[in-house]
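Got your viewer open? Here is a short walk through the model, with something to select at each stop.

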Amino acid sequence: MPLIETLARMEAAAAGAARPLTTVRHRHLSDRPLVCVPLTTAGEAGAPLGALVGTDRERPLLLTVAQPRDRDLRFAFLAELADAVLPYLDGFADAVGHEERKETDPETGRKVTVQVELCADAPQLIVPSTAGAAYMRLLGRSTRFRRTAEQDPEAPYPAPPRVPLLGRWLTHLGERARVPGSCLLLPMTELLTRHWATGQSALEDQHLGALLAWIDPPDGHSGRTAAEHAESARDADGILRCPPAGPATDPAFDNTLLAPAMARYDAGVPGAAEELRELIGGQLRPTWDAVWRGYDLLRALPPGGHVADRWKRDRWSYTAHRDRVRAGEPPQPRRDDAVTAARKLASRETAQAQLDAQEALDDPLVMAGRRLAGEAFAGEVTAVEEAFSDGPRPMPRPLVTLRTTDTPLLTDGARLHRPLPDGKAQSAVFVAYGEGAAGSLTVRLTGGMGRGKVPAPGSVPEPGETVCWTLFEHAPRGGPQLPEPEDTPWTHGGPPASAPEGDTPDPTTPEDFL
Amino acid sequence: MNVFRDSPPAADAVPSARPTPSPSLRRRLTELRGPGIHPRALDARALAALAANPGCRRRALLDGAGVDKAALAQALGSPAGHGQSRFALARGNSFEARVKADGGAELLRLLHARLPSGTPAPEEGEVAAPELTAAGPEGRAARTALALREATAAGGWTLLDHPLLAVDVAGSPAYVEPDAVVVRPDGVWTVVEIKSFPMIDGAADAAKVGAAARQAAVYVHALEGVAAQVTAHGEGPARVGERVLLVCPQDFSNLPTAAAVDIRKQLATTRRQLARLTRVEEIAAALPPDTTFDLRLTDDGRTATRPADELADAVETVDAAYAPECLAACELAFHCRARSREQGAVESLGRGVRGELGSLRTIEEVLAAAGAPTADAPGCGAQPAAPEHTPTDPGPDPDDPDDDADPALAALRRAARLRAEALAAAAPPVPVPRTAPGAEDPVCR
């Protein structure tokens, strides 16, 4: 944990309420997100117990499975979930704008500009916690290889229509969520911990109720007591007063309430199904409200300058998957081939570097952390000296001296960057530390001054101005191009097999529970 | 039976061949537990957790004495949320039964496929499954050792279902029970761990595999003691495999699949941490003479009649090393956390936090040293006694010569100054939105 965050946590612990870690909101929040709060059956993989889902905070759709070990009930749940989720996801597919993109013409090999569709907006799925996001990915994995009766009349246990499609979308959202800064699938705990420091450890922040208790403590309580209440207060029967945000349930709830109710259902007691529905709904509703509470808290923050930029990438991602589904491509394979995996990894690394840079540029508090780490410095310009580059056509290369109290980790000739008012970056190199005065250093501007012999107006800082230089690039780019999958070198397993196993269904047995 | 082969010299302090504690220690531990209370057995999960926090004297003593920590936590008023859902339990048991069905045929097939050894696969009916029942843990452990010796001498395939192994923990014995141990004809003993979390597309949840590997390392560590004895008796070269077999359900089905897990690293950690554990005897000797953790249970054995304050004082006589990781592993963690928070210990925010803070131990000290605002949220229930500062106060002069003396302190002051500057510059200051009407704006101005 960076020292500045540690300090924020300590301030929060001493004050009894969370402290800001950012001054702006660094993630896009949709006006109409789809919230999904899933619950799973303890011990069973991919056997949902219930879910609250919807875009209307007052009227969530409650889906429950009375007996998670019954395949038909589970399929009925997944079909209902597909009916709730897919129309929302599809709702963004048809409102499109057009963007120009360079593509390589396959015949001539030249780069040509083509017009492509870009969806004007994209769906956003919000889940309570990181475990909830992982569960969405798991649901995607468990359903995308299922066969419907229409796809394969011979399938032993045909899935309801649209369930495999739901799996493909959930898989896509889950994969996209691994890209730093992406916002198609967001866990609420991650969103909140990015923006506030609580007076507890990062481990304890995984509890949505406790996290919200620190950020927004109820009247007359400190965050600490409210958080302790949220995570461990139990009623007379030993049931947690604030149910966990899932997808795992409270073991005491399972043993005391759920198991007897399920036994009554299995015995055919009338009203047992309704009772189970009520029980599961009761566990889900507090988390549902907590997610929306978190949403409100985050919406109150002004968005950062680069948030829309990053959301555009999410829109690209959504549009691309929409196209793949429309083209009838098979579901995502179980394992990526070497090139696809390398591409994904490279794009995530690039996204991480971009996110780090953009957050710092958008937010002085984040920049403060980078300055403390020696990756940036800010100071007042004390002198500007005109200078020119060598060569046949001398270009302005002014020397700027500034005084700073920061301690950047500079090496000779280190490249520096600073944002200009027009959003572009100006580059410079570090020249030397000033003699005499402590904290004085000189940099040589190397770009961002136009093409003339005189620097463009406003591109050279004036004495007295405060400037902030970073040692990191503002728009870091990815590494070199990777080959096409069919050109995978033998060192990486060679080209993938021509017939991808992506479409084969999982093996099924007559009873699929243990 | 200690086999700290490559452990540091400190391990020499742990006497070897100490399967049972001395009579005086045993008497002392009984006193600590309370009269008539049976010691709680220490399972591999608890041992792995203990080994993960070897500096915790409180846990070492309570576990060593076999005190029921869950009941103790309940009586202290901070019950743990630990417990297992009966659904998970049922599934775990039924999966294990399925894997071991037909004399373990499927299990041995998986073992042979994942840990090839050059020996042909066992034929049907060729696998011995000795009876391991005996009275008491000592008896069962002895029975297991005998079965292992015989199996190794026989040189065939043997499947030991739920053997019991003794392991020396801080000078007193603990008994652990692996799901199964397989003896191969070449004298290699393999620990089998059966878990009910799924292996999806050949990969399982990393955190769960890690926990299973740490648990398996405890079994391997315990088995090595028996193996050394068997080899010493000249019954054949017995060797414990450093790769264990992890059996899990495949994908979303109930069919078992398996993977070989190399646990050398976890084994080395377990050995080192167990060697580092302060001996229970020393901890017990340092206690005030009349200390006891007796809950004074009522006759039905359910309600504790001893006052919580008195119990808390008793628990306080031995130090804990609380870190947030304890919450997932120790029944007493909520109690220790409350204490840690009351003292304002920096570790309550995470184990790694202290590394950057030099000699500062409490949050109050850190904030005072940083010159950061502390007592700035009246009405929030905070009661820090640190000096008041406004956020615009840059704190002590960064050029203060004192700062150079302690780099941790200098970094802290710079962090506080940078943070305050950035927050002050962000106009308007970010409010923490509140729902409660009329609530104080908790952001300092």
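Which residue of E3(A) does Val35(A) stand opposite? Select Val35(A) and look across to the neighbouring strand: the partner is Gly54(A). One thing to keep in mind along the way is that this is a predicted model.

**Stop 1: the strands around E3(A)**

Now select residues 34-40 of chain A, which make up strand E2, together with E3(A); 6 bridges join the two, and they run antiparallel. On to the next pairing: colour residues 61-64 of chain A, strand E4, and you'll find 4 bridges linking E4 to E3(A), again in an antiparallel arrangement. For a landmark in this pairing, pick Val53(A), which sits opposite Leu61(A) in E4(A). Trace the backbone from E3(A) to E4(A) and you follow a hairpin that connects them through 6 residues.

Is strand E3 of chain A largely enclosed or not, and why? Select residues 48-54 and show what surrounds them: 6 of the 7 residues are buried, so the strand is largely enclosed by the rest of the structure.

**Stop 2: where H1(A) meets H13(B)**

Next, show helix H1 of chain A (residues 3-15) and helix H13 of chain B (residues 363-370). Their axes are 10 Å apart and the helices pack at an angle of about 115 degrees. Turn the view to look through the pair, and the crossing is left-handed. Switch on side chains here: from H1(A) come Leu7(A), Met10(A), Glu11(A), Ala13(A) and Ala14(A), and they meet Ile363(B), Val366(B), Leu367(B) and Ala370(B) of H13(B). Sorted by class, this contact has 8 nonpolar residues, no polar ones and 1 charged.

**Stop 3: into the core**

Stay with Val366(B) and leave out residues up to four places away in sequence. What does Val366(B) touch? Select Met10(A), Val346(B), Leu357(B), Leu360(B) and Leu412(B) to see its contacts. Val366(B) is also among the members of the largest nonpolar core, of 128 residues, that touch the most other members; the others are Leu81(A), Leu185(A), Trp214(A), Leu412(B) and Ala415(B). There is a second, separate core too, with 98 residues, including Val218(B), Ala238(B), Val240(B) and Val318(B).

**Last stop: all of chain B**

Zoom out and show chain B as a cartoon: it has 15 helices and 8 strands. Of its 445 residues, 44% are buried. If you draw the contacts in chain B between residues at least 6 apart in sequence, 65% of them join residues at least 24 apart.

Definitions and conventions
Residues numbered from 1 in each chain as written. Chains lettered and ligands numbered in written order. Predicted model: local features only at pLDDT ≥ 70, side-chain atom pairs only at ≥ 80, totals over all residues. Buried ≥ 20, exposed ≤ 12 C-beta atoms within 10 Å, placed from the backbone. Pairing = 2+ DSSP bridges. Core = buried A, V, L, I, M, F, W, Y, C linked by C-beta atoms within 7 Å. Contact = placed C-beta atoms within 7 Å. Axes fitted to C-alpha atoms, helices over the stretch in contact; angles between N-to-C directions. Left-handed = near helix turned anticlockwise from the far one by under 90°. Nonpolar A, V, L, I, M, F, W, Y, C, P; charged D, E, K, R; others polar.
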